[in-house]
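Here is a short report for a reader who has not met this structure before. Look over the sequence and the model, then read on.

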Amino acid sequence: MARIVAIDYGRKRVGLAVTDPFQIIANGLDTVAAKDVLTYLEKYFQTEEVECIVVGYPKQMNNEDSESVKYLKPFLGQLKKKFPDMSIELIDERFTSKIAFQTMIDGGLGKKARRDKAMIDKVSATIILQSYMETKRNLF
C-alpha cells in the first residue's frame, strides 16, 4: 500500500502529516513555509509512494466556507496542476487547531512548546489525517 499525506494549509506555514505504508497510523511529518510546500511534496513523492493527499478545508459553524478558503483555493489549484495524477480529498478541519492545542496539553507539553505554532500545525495535520482515516474506515 501507499501512504496518505495530509495538509493543514496556512498562509505562512503548512503542517504535514503522513500515514505508515499500511495506512494504520497517522504521524506528524513536518511544518514548512507555505511558499515551499509544493517543492517539499515533490521531493517527498520522489522517495515515498503516496496514493492520496488530504487537505483540511476550513468551515464555519454554520457549515459555510471560512474566510481563509480564499487563500486555500489558489493553493488547491497549484496542487492539482503540480500533481495532476494524485487524488486530492478535502476534509472539514473545524476545531483541529483547538484539538491540537488540547492534545499537546494532555500530552504534557509545557507552555513554551505549546507556543510553537509549527508544532500546532503539524499536530493539526495529524488530526486531519486521523479523522480522514476514521471516516474512510467507517465507509467499509
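In strand β4, I7 has V55 as its bridge partner. R3 has a partner in β4 as well, namely V50. These pairs belong to a predicted model. Strand β1 covers residues 3–9, and β4 covers residues 50–57. The two strands pair in the parallel sense, over five bridges.

β1 also pairs with strand β2, residues 13–19. Here the sense is antiparallel, again over five bridges. D8 stands opposite G15 in β2. Three residues lie between β1 and β2, and the two strands form a hairpin.

The two pairings of β1 compare as follows.

| Strand pair | Sense | Bridges | One bridge or facing pair |
|---|---|---|---|
| β1 and β4 | parallel | five bridges | I7 and V55 |
| β1 and β2 | antiparallel | five bridges | D8 and G15 |

How much of β1 is buried? Six of its seven residues are, which leaves the strand mostly covered.

Now the whole sheet. It is open and has five strands, in the order β3-β2-β1-β4-β5. The pairing is mixed. Which strands form the edges? They are β3 (26–33) and β5 (87–92), and each pairs on one side only. From one strand to the next, the twist averages 25 degrees.

Two helices pack on this sheet. α2 touches β1, β4 and β5. The direction of α2 makes about 165 degrees with that of β4. α1 lies across β1, β2, β3 and β4. α1 runs at about 135 degrees to β3.

The helices also pack on each other. Two packed helices are described by the angle between their axes and the distance between the axes. Helix α1 spans residues 37–47, and helix α2 spans residues 69–82. Their angle is about 30 degrees, and their axes are 11 Å apart. Angles under 35 degrees count as roughly parallel, so α1 is roughly parallel to α2. The crossing of α1 and α2 is right-handed.

Which residues make this contact? From α1 come V37, L38, L41 and E42. They meet F75, Q78, L79 and K82 in α2. By class, the contact of α1 with α2 has five nonpolar, one polar and two charged residues.

One loop residue deserves a look. Q23 is placed in the loop between β2 and β3. Most residues other than glycine have a negative phi. The phi of Q23 is positive, near 60 degrees, and Q23 is not a glycine. Is Q23 buried or exposed? The relative accessibility of Q23 is 9%. Buried means under 20%, so Q23 counts as buried.

Last, the overall plan. The protein has five helices and five strands. Along the sequence, the pattern is β-β-β-α-β-α-β-α-α-α. The protein has 140 residues, and 41% of them count as buried. Contacts between residues at least 6 apart in sequence give another view: 61% of them join residues at least 24 apart.

Technical notes. Residues are numbered from 1 along each chain as its sequence is written. This is a predicted model: local features need pLDDT of at least 70, side-chain atom pairs count only at pLDDT 80 or more; totals for chains, interfaces and linings use all residues. Side-chain values use heavy atoms; hydrogens and water are left out. Buried means under 20% relative accessible area, exposed over 50%, partly exposed in between (1.4 Å probe, protein chains only). Helices (H or I, at least four residues) and strands (E, at least two) are DSSP runs, numbered from the N terminus. Two strands pair if DSSP finds at least two bridges between them. Axes are lines fitted to C-alpha atoms, for helices over the stretch in contact, and angles run from 0 to 180 degrees between N-to-C directions. Angles under 35 degrees count as roughly parallel, over 145 as roughly antiparallel, 65 to 115 as roughly perpendicular and the rest as oblique. A crossing is left-handed if the near helix is turned anticlockwise from the far one by less than a right angle, and right-handed if clockwise. Contact means heavy atoms within 4.5 Å. Ala, Val, Leu, Ile, Met, Phe, Trp, Tyr, Cys and Pro count as nonpolar, Asp, Glu, Lys and Arg as charged, and the others, Gly among them, as polar.
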